[in-house]
Amino acid sequence: MTETSDAEATRPIRVLVGKPGLDGHDRGAKVVARALRDAGMEVIYTGLHQTPEEIVEAALQEDVDVVGLSILSGAHNTLVPRVLELLRQQGMEDVRVMVGGIVPEEDAAELRRLGVVAVFGPGTETEEIVRFTRSCARGA
Amino acid sequence: MAERRETLSGLEVKPVYRPQDAQVDHDRDLGEPGAYPYTRGIHPRMYRDRLWTMRQFAGFGTARETNERFHYLLRQGQTGLSTAFDMPTLMGYDSDDAHSLGEVGREGVAVDSLRDMERLFEGIPLGEVSTSMTINGPAIILFAMYLAVAERQGVSWSQVRGTLQADILKEYIAQKEWIFPPEPSMRLIVDMMEFATREVPQWNTISISGYHIREAGSTAVQELAFTLADGFAYVEAGMARGLEVDAFAPRLSFFFNAHIDFFEEIAKYRAARRIWSRRMREKYGAKNPRSWMMRFHTQTAGCSLTAQQPEVNIIRTAYEAMAGVLGGTQSLHTNSMDEVLSLPTEKAVTIALRTQQVLAHETGVADTVDPLAGSYFIEELTNRMEAAAEEYFRRIDELGGVLAGIENGFFQREIADAAYRYQLEVDRKERLIVGVNSFVEPDEEPIPTLRINPALEETQVKAVQAVRAERDQAAVDRALEAVRQAAASDTNLMPPILDAVRAYATEGEIVRTMRTVFGSYREAAVF
């Protein structure tokens, strides 16, 4: 192992929490961002009303391990595939993408098929999201 | 269970309340129903004279789908309309804008031009119904469209009744759907108030909203305090324009959440009325009793509903609705059991409306005014809510007022802290939520949900492009230039915006025109 990868192995997990689309429901995004931060991760929150392009650009700049997308507007079928596509174009296939919000189960299944690692719905415990984020980032 | 019990807002609740707990001077603190300080309600006989308005919020797809839902709800006995607009409409983008991709008609109805508004209210006589419109950033444009539809129906503006939400302060604080920076947004609101006071006297110009503050995670105390602080800020803005307080204050109305903590909610409404009337009379010098009266709409708490065992949401909603009625609401929306999953199905929305009808006609809660008055606990809790709100007013004043509090992130931080605290309590099972962290059913049957046909987006995109192709473009250009000039000066924007919508300028075009003068806004997000 080189020195660089040692350093990388011990650096905190970096997570970008993004709000793509137009909806302003940021309660969940902020609660999750804070729970991840309290669990020792480095969390960047994009703020509201971001385009997929802006989110992927931020993920690239911030060199994150995980992107969490919060969507409650019903536009997930359009916005999430676009983020996945842009990540691929940037050669960032190793970045894990999670989704939270109001996503009907059949849509969630399709998003997982496209490469999303998890879809968290209402009522999910923050501890579960923390555990999952840790395991998927480590597995990366 | 912990020995210490608290309301949802964290106020301690004792096992027993006694007369000495409830320090109330009847004449000073309660008064007669329908009389200052209106703690017991704004009408002497409340629901004995007139039931609350059953007003279900509705909107999805294109104007055609929503118009059908409106007609359905009116046939089912609903007594007022309440319009939900889609995200692009709320944010000032036309349906064919790149920002609108995937969002058209999903969370509400898509409205781009007067053509959509005409279709939305087709067959609905605007002189006979009252319509509430949940629209904030671009409220001035949608208001102009509504008035233009009334003109085309031959209905005089003096007959038009309804409410604009138009509460931009709570957008910066909680709901986060803004278009322009705070100062020009406040100017648009005062322009509407000034115009409506003169031209549309039965219109409620602002519905000052705590609902979204609560949904964003605030406590009941914060909802109460921040909403009233916003209300005072609008009063001050109107007076700063030179309007007589009694000329516009009677048309201000409020919108509160009805969350699951039953008594706390009832105390919240009672405290709200008392605080408002005292301030309006004592601080702002209002002389018209209508300026002292807080009228409000209530919606049950979407954020109290669970995706797990969704049928149980019917029960939560029923308790919440009862709190709203015992608190003296003027109108009510009951959430449908499936709203945590999608927009409601017709079946779900019918049950929600029936919930109100049962409350009104079977339970007897509407038979006497403020039936909980004199309860040691309710009076004590009303006093405590009022005192806690006053404490927040002091802090907001120290910060330099509501706009200063928004700019430095005070409200946003307070709400985020409360939301996080609540989530931790749920995660630790200090608060039990049926179906979520207790009484969980491992294998639940999913319930049917409403799916919005994705093809509607394309239909709407084609429709707005057709409007642009058919209209008199030179007239539109002239009208937009007049909007720009008015925005850059201090003349009232309502008349030029009315001309622009009559010429079928689209919402997005009018917003873009105003943005060249007003700029846009981005918040420093705190979490």
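Select helix α7 of chain B, residues 182-199, and colour its buried positions: B:Ser185, B:Met186, B:Leu188, B:Ile189, B:Val190, B:Asp191, B:Met192, B:Met193, B:Phe195 and B:Ala196. Buried here means that 20 or more other C-beta atoms lie within 10 Å of the residue's own; 12 or fewer makes a residue exposed, anything in between makes it partly exposed, and the C-beta atoms are placed from the backbone. Helices (H or I, at least four residues) and strands (E, at least two) are DSSP runs, numbered from the N terminus.

Before you go further, keep in mind that this is a predicted model: local features need pLDDT of at least 70, side-chain atom pairs count only at pLDDT 80 or more, and totals for chains, interfaces and linings use all residues. Residues are numbered from 1 along each chain as its sequence is written, while chains are lettered from A and ligands numbered from 1 in the order in which they are written.

**Around α7 of chain B**

Now show what surrounds the helix. The cover over the buried residues of α7(B) includes α5 (139-153), β8 (203-204), β9, α9 (220-240), α10 (245-248) and α20 (494-502) of chain B. Try a ruler on the helix too: its 18 residues should span 26 Å at 1.5 Å a residue, and the end C-alpha atoms are 26 Å apart, which agrees. That expected span is 1.5 Å times one less than the number of residues.

**Strands β9, β10 and β11 of chain B**

Next, select β10(B), residues 252-258. Seven of its seven residues are buried, so this strand is largely enclosed by the rest of the structure. On one side you will find B:Leu252, B:Phe254, B:Phe256 and B:Ala258, and on the other B:Ser253, B:Phe255 and B:Asn257. In a regular strand the side chains alternate between the two faces of the sheet.

Add β9(B), residues 206-209, which pairs with β10(B) in the parallel sense over four bridges; two strands count as paired if DSSP finds at least two bridges between them. To see the register, label B:Ile206 opposite B:Leu252, then B:Ile208 with its bridge partner B:Phe254. Both faces of β9(B) are covered as well, with B:Ile206 and B:Ile208 buried on one side and B:Ser207 and B:Ser209 buried on the other.

Then bring in β11(B), residues 296-300, which runs parallel to β10(B) and pairs with it over five bridges. Here the bridge partner of B:Asn257 is B:Gln299.

**A second stop in chain B: the open sheet**

Select β4 to β8 of chain B to see an open sheet of five strands in the order β4-β5-β6-β7-β8, with parallel pairing. β4 (57-58) and β8 stand at the edges, each with a single partner strand, so one side of each has no neighbour in the sheet. For β8(B), the pairing with β7(B) (residues 161-164) is parallel over two bridges, and B:Thr163 stands opposite B:Asn204.

**A loop residue: B:Leu51**

Centre on B:Leu51, in the loop between α1 (26-30) and β3 (53-54) of chain B. Is B:Leu51 buried or partly exposed? With 19 C-beta neighbours inside 10 Å, B:Leu51 counts as partly exposed. Leaving aside residues up to four places away in sequence, B:Leu51 touches B:Ala360 and B:Ala366; a contact means C-beta atoms, placed from the backbone, within 7 Å. Also label B:His361, which is 310 residues from B:Leu51 in sequence but 9.8 Å away in space, C-alpha to C-alpha.

**Over to chain A**

Now show chain A, with its six helices and five strands, running α-β-α-β-α-β-α-β-α-β-α from the N terminus. A compact globule of 140 residues would have a radius of gyration near 14 Å, and chain A has 14 Å, which agrees; the radius is taken over C-alpha atoms, and the globule rule is 2.2 Å times the number of residues to the power 0.38. Of the residues of chain A, 49% count as buried.

Colour by pLDDT, the predictor's confidence in each residue from 0 to 100. Chain A averages 91, but residues 1-7 stay under 50, and the model has one contact for them beyond four places in sequence.

**Where the chains meet**

Finally, select the 28 residues of chain A in contact with 32 residues of chain B. The elements giving two or more residues to this side of chain A are α2 (27-38), α4 (76-89) and α6 (126-138), with the largest share, five residues, coming from α2(A).

How values were computed. Two residues are in contact if their C-beta atoms, placed from the backbone, lie within 7 Å.
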